[in-house]
Amino acid sequence: MTELTLDSVRSIIEKYGALQHPAEALNLIRFLAQSPPTLIIEVGVWRGGNAALLKTFFPEARLIGVDVLGTDSSEEDFVSACHDIGCTSTLRDVVDEFGI
């Protein structure tokens, strides 16, 4: 398992493009670790950064992510816009890597 430090959280956030501040994410993970979740439901996963972060620290938890692209947006538009703002992975990359 990945060591839980501010640097490790920051590294995962940078790798997957999560939008949470590293210290905020670290506090959330510490709180959840007191009673590790078996199920995590994330509504609004966007590109999957927070889902990847949570799955890294809670690999045994079942993670369900829900999001909706606008009806006038194709997945290609979404991925293109995502890369335009500098994200390092797409939701598809996170799904493929973590099997979620």
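Let me start with Val 43, which is exposed in this predicted model, with a relative accessible area of 69%. Val 43 is found in strand β1, and together with Leu 39, Ile 41 and Val 66 it makes a nonpolar surface patch of about 380 Å². Strand β1, which runs over residues 39-43, gives the most to that patch, with 3 residues. As background, nonpolar side chains in soluble globular proteins tend to be buried together. Val 43 is not buried, because its 69% lies over the 50% above which a residue counts as exposed.

With that residue in mind, let me step back to the chain as a whole. The chain has 5 helices and 2 strands, and if you read along the sequence you will find them in the pattern α-α-β-α-β-α-α. Of the 100 residues of the chain, 36% count as buried. The accessible surface comes to about 6200 Å², and 54% of that surface belongs to carbon and sulfur atoms. If we take the contacts in the chain with a separation of 6 or more, 58% of them are accounted for by residues that lie 24 or more positions apart.

Let me turn now to helix α1, residues 6-16, and ask which of its residues are buried. They are Ser 8, Val 9, Ile 12, Ile 13 and Tyr 16. Seen down the axis of α1, these buried residues fall within an arc of 135 degrees, so they line one face of the helix. On the face turned away from that buried side, α1 carries the exposed residues Asp 7 and Glu 14. After the helix comes Gly 17, and its phi is positive, near 75 degrees.

Two of the buried residues in α1 deserve a closer look, and I will take Ser 8 before Val 9. Ser 8 lies in helix α1, and it is buried, with a relative accessible area of 15%. Leaving aside neighbours within four places in sequence, Ser 8 is in contact with Thr 2, Glu 3 and Phe 57. Val 9, with residues up to four places away in sequence likewise not counted, touches Leu 4, Pro 22, Ala 25, Leu 26, Ile 29, Leu 53 and Phe 57.

The same helix also holds a charged pair. How many salt bridges does a search of the whole structure find? The search finds 1, and in it the side chains of Arg 10 and Asp 7 meet at 3.0 Å, N to O. Both residues lie in helix α1, 3 residues apart, which is about one turn of the helix. Asp 7 is exposed, with a relative accessible area of 55%, whereas Arg 10, at 31% relative accessibility, counts as partly exposed.

Arg 10 also gives us a way across to the next helix. The C-alpha atom of Arg 10 is separated by 8.3 Å from that of Ala 23, although the two residues are 13 residues apart along the chain. Ala 23 is found in helix α2, where it is partly exposed, with a relative accessible area of 31%.

That brings me to the interior. The largest nonpolar core has 19 residues, and those with the most contacts inside it are Val 9, Ile 29, Leu 53, Phe 57 and Phe 58. The elements that give two or more residues to this core are α1, α2 (22-33), α3 (49-57) and α5 (91-98). Among the contributors, α3 gives the most, with 5 residues.

So let me finish with α3, and ask how many of its residues are buried. The count is 8 of the 9 residues, so α3 is largely enclosed by the rest of the structure. The buried residues of α3 are Gly 49, Ala 51, Ala 52, Leu 53, Leu 54, Lys 55, Thr 56 and Phe 57. Leu 53 and Phe 57 in that list were also named among the residues with the most contacts inside the core, and both of them are touched by Val 9 of the opening helix.

One last residue in α3 is Ala 51, which is buried, with a relative accessible area of 3%. Ala 51 and Ile 64 are 13 residues apart in sequence, and in space they are 8.5 Å apart, C-alpha to C-alpha.

Methods: Residues are numbered from 1 along each chain as its sequence is written. This is a predicted model: local features need pLDDT of at least 70, side-chain atom pairs count only at pLDDT 80 or more; totals for chains, interfaces and linings use all residues. Side-chain values use heavy atoms; hydrogens and water are left out. Buried means under 20% relative accessible area, exposed over 50%, partly exposed in between (1.4 Å probe, protein chains only). Helices (H or I, at least four residues) and strands (E, at least two) are DSSP runs, numbered from the N terminus. The arc is that of the directions from the helix axis to the C-beta atoms. Patches are made of residues with over 30% relative accessible area and no salt bridge: like charges are joined within 9 Å, nonpolar side chains (Val, Leu, Ile, Met, Phe, Trp, Tyr) within 5 Å. Accessible areas come from the Shrake-Rupley method with a 1.4 Å probe; for residues, only the protein chains shown count as cover. A salt bridge is a side-chain nitrogen of Lys or Arg within 4 Å of a carboxyl oxygen of Asp or Glu. A nonpolar core is a set of buried Ala, Val, Leu, Ile, Met, Phe, Trp, Tyr and Cys residues joined through side-chain atoms within 4.5 Å. Contact means heavy atoms within 4.5 Å.
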